[in-house]
2 protein chains.
Amino acid sequence: MPSVTFTTTPAPVLPSRGTLRPLGLNEVRITGGFWGRRQELNHDATLTHIGNRLESEGWLSNFDLAAAGMLPQGRRGAVFADSEVYKYLEALAWEIARSGSERLEGTFRSIVTRVAAAQEPDGYLNTSVGRTGQIPRWSDLEWGHELYCLGHLFQAAVARVRTRPDADDGLVQIARRAADLVCEVFGNGGIESVCGHPVVEVGLVELGRALTTQRYAHQARLFIERRGRRTLNDIEWSRKYFQDDVSVRDTEVLHGHAVRANYLAAGAVDVAIETGDEELLASLRQQWSHTIARRTYLTGGQGSHHQDEAFGEDWELPSDRAYSETCAGIGSIMFSWRLLLASGEPVYADLIERTLYNVVAAALSRDGRSFYYTNTLHQRVPGTPADPDRTWPRASSSLRAPWFEVSCCPPNIARTLASLDAYVASVNGDGVQLHQYAPAEVRTHLEDGQSVQFDVDTVYPENGRVLITIRSDSSQPWNLSLRVPAWAYGTRLRVQTTDGESEEKTVEPGIVSVRRAFRAGDHVELTLPMQPRISKPDPRIDAIRQCVAIERGPLVLAVESVDLATSDDVSAVAIDLRSQPHERDGRVWISLRIGHDSDRDWPYGTPDGATAERAAEVPLIPYYDRANRGLSTMRIWLPVLEPC
Amino acid sequence: MPSVTFTTTPAPVLPSRGTLRPLGLNEVRITGGFWGRRQELNHDATLTHIGNRLESEGWLSNFDLAAAGMLPQGRRGAVFADSEVYKYLEALAWEIARSGSERLEGTFRSIVTRVAAAQEPDGYLNTSVGRTGQIPRWSDLEWGHELYCLGHLFQAAVARVRTRPDADDGLVQIARRAADLVCEVFGNGGIESVCGHPVVEVGLVELGRALTTQRYAHQARLFIERRGRRTLNDIEWSRKYFQDDVSVRDTEVLHGHAVRANYLAAGAVDVAIETGDEELLASLRQQWSHTIARRTYLTGGQGSHHQDEAFGEDWELPSDRAYSETCAGIGSIMFSWRLLLASGEPVYADLIERTLYNVVAAALSRDGRSFYYTNTLHQRVPGTPADPDRTWPRASSSLRAPWFEVSCCPPNIARTLASLDAYVASVNGDGVQLHQYAPAEVRTHLEDGQSVQFDVDTVYPENGRVLITIRSDSSQPWNLSLRVPAWAYGTRLRVQTTDGESEEKTVEPGIVSVRRAFRAGDHVELTLPMQPRISKPDPRIDAIRQCVAIERGPLVLAVESVDLATSDDVSAVAIDLRSQPHERDGRVWISLRIGHDSDRDWPYGTPDGATAERAAEVPLIPYYDRANRGLSTMRIWLPVLEPC
């Protein structure tokens, strides 16, 4: 544990009520493994990379120019560039708490000073709006992103006040003044509209929780209630794009821009929780279920339109044109985590796990310095490498790119990794719930004040064994609840106590609880089945008809052209299911039939017999590790070889 | 035949050399049938509708404002709105020739007067560029569309000069002055770049042919040769979008924006023909073949990206997100027609036929007053009807819309229908080639001066019988060449002469020729097989794996939800191929299994057994006739019921 002392719970989401209570970074700590390595990479490489880019792109200097009264000349970046600085601050705040780094603390303070200098006397803060030569304040709610930027500012301030409540850097004051202005301008009797890009809602509710004021949640409720009243102007893709087509309460499924939809839904859960609005909460749970059942990729990715970065219709889930924006995945985690805390149901943690491994981890390169903005499930052409000195449009290469003109994803990944410990476990009156499996230390108290301490040892998802060693003696029994993922049929649970008791049994997917007055040294061991699984899609998902995907534990696997013969790509392969996928040398192998190009003049009609094919045993890669061996083609869904 | 006398051939494309010589509207005339009805609709409804919209949208008034020196205030429409006026003029010019309408002649002259008044002394003509408060001339070649607009002006002038060569309206002079300016500004030593949207190339070559000057073809050659030299600025979708990524000569397949790609290719054929550039021509034929083999929908539609209205990669042909822009279909016809004239090969006429029936005809409503901009192959949701008083974004309803903010398609359909007669037949030294089957009169001369006259009677594609009756006596034998479409296995040819000779045989797809010294009253009858065909896709087209489509003659068929039970849509149907598609009451019927929704929480994994299904005999509709019976869902590709 870092030496920081916390007077509030240092966690990203702290609902005032709910089934589960989140733990702070002072109560649960990832100590290594898959996610620990990525947290170290975030610390060592990604955060520095982001800071350098924010400087070299001039997005930080925008604040200096604002303070010097020199805007709009020289302002650089998109209208929402301020938000990337705030997400970076949020990431730093969590990482400072996680690591205790004084270097990062210095960076943090220096940036806050620059941001502070740009704030106007009435609390307004935005480098692209309001000055002579810029659009007037709040005059372009559709695209101006002013409230969006402030939403991220509020989240950064929340991270800070929860991890360094006594810090004198001033970020919390900046946020409070801006939030008060938002309430004045957009409160009852003010501008009766909303921001084209939701996120201010989660920011306001969390800031209100952190500063113990009702005012901000009240304002967030106004924004949620106003949404869908068509107060935003119509656009080419219709108001559906920014969820202003139908009220949040009456929404049946997430739709429109996928990041906006998830951020809005997360904010709406926060509002429902703070206002005790069970009807709204039930609607949001239904929306989540419909979205998962019909509009989500196997990877957990969401959004199937490039044009408007949006959800498609039900069953419209093309692999090759999957947008699956990294930020939409993070938004989905935000939404799911809130529903998990509210309900305690493991389906939400299942989706979080899937999305973490197959969207968030997949977006980040091995060196932590390049990123996917979109996460396709089928890479048809090798493309060209991203020039490390260039800033890229959103989605233009088969390889990750170091930075984007719209660079929302890199700092979003950074803040997620820096606060990831908080998503591992929770407590309630009965005990502790373990949601995600990583090597970790948990040191917390139950509601009755009883201290609970245990360690988690695992190399999951490399294998499925998760060993929990209790480190504290309890006088009263408590529940240790473990999530058994929906795919984990045949999971084994073993309990071995210091007094020689031992029990082992097969448990069903869902939640398994061990209730006892644990003693230090007691062991609880969960063994999740990690043999490769063959997954078939619902027949209504037209894009992947007659295909299967191979999964292993929480990992979606893929075939990458670098594992085929030189001349082959993945366009004409079929999996031969007569031989089962099997593990060898730490990889999963499958039998492929690889066809050779035999073009007809016209690709429709009566097929002219079998094409030449050869068989090959081919290893799969975890999808998250794609595009780390040079240019390649890749696919997750494999056509099934038709019986001869 | 109209009473107009032609001194030049009134046809849209007149190459100076080639395998086939096109016929003018004075030589071939469609007299009714499928296309004749649509030409009447164009005359009676569509042209009036377009004229009204050009007025009510203010796109015509832009010219008045320009003439009055009152721009840029009050200018309306997109930067390329001028081009819609020019395409409308082109449509009117062809339609005046086809119909002899004095009313349309009056409309034509009145518009030309307004356009003429807006032309600047040096020949420059554009209502959105060059004035104080507008961007300077030629300063935004990527998006300014100045040369694009002029390309359409040139095509309108070509239509006029070829159909009313002695008219005193002045359009030809307007075009000549503008073309001369283009040559000065963009000639050798001038601006060494190209327009972001090709079309000036075809316009220049055709204008040069019509006015018998080499200068314009020379300028077109410069534009073709400069393309791919990256003289345009890069954009988010890369220079591939406007084909400035690789030279035309080195291009392997059409790519980027599908309309741009086809217009450019058509212009490049024109340049290759005029300059005798066999290498360029061979490259274009190869590009066409690759595009047809891997990047074209069953309907002939092209373009599978909504984001950039562009071609996808090879095999990336999603049905539900098919863009298949109407204008891309028309561009493809322009490209194909030029290659047909150059080579005489029937594959080009095959694609023209497919695209005419399944893109151009499909885009137009039964009343001729609403249009599809995009032509999806799978309509997943019924959507909402288009408000007839509203101008629509490009592609937002399941029903056709009366007008679009980008309204390139309506006048493009109009000019195509008005000049369609010219695509029916051609001549060469040996005889006459019939490319498209419609009731028609052909009255022409062979190269040796011999008069050839015949009529075509048919209700094709209602049935497959095409009866040709010779109306002139020939002293010398000549070839009557008939295209047998690639799908038409089992076609019968019967020759019955006035002197009692009779022959009947089965002919192969390709071209069948009857050579004789025909006498008036001789009959040649072609009977194309019209029983429904089951077409299967290349397995590399992932989006339609394990699906079939039903075609009948040149028509692609579709299932529409209005033919299903009330509660059904097309998302969960499968075709049962144990019973063959069959005709009854003039419709094609298939056996469908219709599933009932049975959502799982997560749509991937091990399917949990069969879903409830019922069988139904369902009639198909021709795709072109979709969405004419109210809101509906629709699909062309039908999943094949898996064997039990």
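# Salt bridges, strands and a helix in a two-chain model

User: What is the relative accessible area of B:Glu583?

Analyst: B:Glu583 has a relative accessible area of 39%, and that makes it partly exposed. The model is a predicted one, so read this as a value computed from predicted coordinates.

User: Which side chain does B:Glu583 meet in a salt bridge?

Analyst: Its partner is B:Arg552, at 2.9 Å from N to O. B:Glu583 sits in strand β18 (residues 582–584) of chain B and B:Arg552 in strand β15 of chain B, so the salt bridge ties together parts that are 31 residues apart in sequence.

User: And B:Arg552, buried or exposed?

Analyst: B:Arg552 is buried, with a relative accessible area of 11%. The cut-off for buried is under 20%.

User: What about B:Arg533, which side chain does that one meet?

Analyst: B:Arg533 forms a salt bridge with B:Glu551, 3.7 Å from N to O. This pair links distant parts of the chain: B:Arg533 is in strand β14 (residues 533–537) of chain B, and B:Glu551 is in strand β15 (residues 547–552) of chain B, 18 residues apart. Both B:Arg533 and B:Glu551 are buried.

User: How many salt bridges are there over all chains?

Analyst: The rule counts 118 over all chains. Side chains of opposite charge can pair when their charged atoms come close.

User: Switching to chain A. Where do A:Arg98 and A:Glu95 lie?

Analyst: Both are in helix α3 of chain A, three residues apart, which is about one turn of the helix. Their side chains meet in a salt bridge at 2.9 Å, N to O. A:Arg98 counts as buried at 5% relative accessibility, and A:Glu95 is buried at 0%.

User: Which residues are linked in a network of salt bridges?

Analyst: In chain A, a network of salt bridges links A:Glu105, A:Arg109, A:Arg160, A:Arg164, A:Asp168 and A:Asp169.

User: OK, helix α6 of chain A. How far apart are its end C-alpha atoms?

Analyst: They are 22 Å apart. Helix α6 covers residues 171–186, and its 16 residues at 1.5 Å a residue should span 22 Å, so the two values agree.

User: Which residues in α6(A) are buried?

Analyst: The buried ones are A:Leu171, A:Val172, A:Ile174, A:Ala175, A:Ala178, A:Ala179, A:Leu181, A:Val182, A:Cys183, A:Val185 and A:Phe186.

User: What covers the buried residues of α6(A)?

Analyst: The cover includes five helices of chain A: α3 (81–99), α4 (102–118), α5 (146–163), α7 (200–211) and α8 (215–226). Helix α3 is also where the A:Arg98 and A:Glu95 pair lies.

User: Now sheets. What is the order of the open sheet of seven strands in chain B?

Analyst: The order is β2-β6-β7-β8-β13-β10-β11, with antiparallel pairing. β2 (28–30) and β11 (502–507) of chain B stand at the edges with a single partner strand each, so one side of each has no neighbour in the sheet. From one strand to the next, the twist averages 15°.

User: How many bridges are there between β7 and β8 of chain B?

Analyst: Five, in the antiparallel sense, between β7 (residues 451–458) and β8 (residues 465–470) of chain B. Within that pairing, B:Val456 is opposite B:Ile468.

User: Back in chain A, which residue stands opposite A:Val456?

Analyst: A:Ile468, in β8(A). β7(A) and β8 (residues 465–470) of chain A pair antiparallel over five bridges, and a hairpin joins the two strands through six residues.

User: How many bridges join β6 of chain A to β7 of chain A?

Analyst: Six, with β6 (residues 440–445) and β7 (residues 451–458) of chain A running antiparallel. One of the bridge pairs is A:Glu441 with A:Asp455 in β7(A). The two strands form a hairpin with five residues between them, and A:Gly449 in the turn has a positive phi of about 90°.

User: Last topic, the contact. How many residues does it take from chain A and chain B?

Analyst: It takes 55 residues from chain A and 55 residues from chain B. The area buried between the chains is about 4,900 Å², and carbon and sulfur atoms give 47% of that.

User: How many salt bridges does the rule find across the interface?

Analyst: Six between chain A and chain B. A:Arg321 and B:Glu316 also meet in a salt bridge, at 3.9 Å from N to O.

Terms used:
Residues numbered from 1 in each chain as written. Chains lettered and ligands numbered in written order. Predicted model: local features only at pLDDT ≥ 70, side-chain atom pairs only at ≥ 80, totals over all residues. Heavy atoms only, no water. Pairing = 2+ DSSP bridges. Helix = DSSP H or I, 4+ residues; strand = E, 2+ residues; numbered from the N terminus. Axes fitted to C-alpha atoms, helices over the stretch in contact; angles between N-to-C directions. Expected span 1.5 Å × (residues − 1). Buried < 20%, exposed > 50% of the residue type's maximum accessible area, 1.4 Å probe, protein only. Contact = heavy atoms within 4.5 Å. Buried area = accessible area lost by both parts, 1.4 Å probe. Salt bridge = Lys/Arg side-chain N within 4 Å of Asp/Glu carboxyl O.
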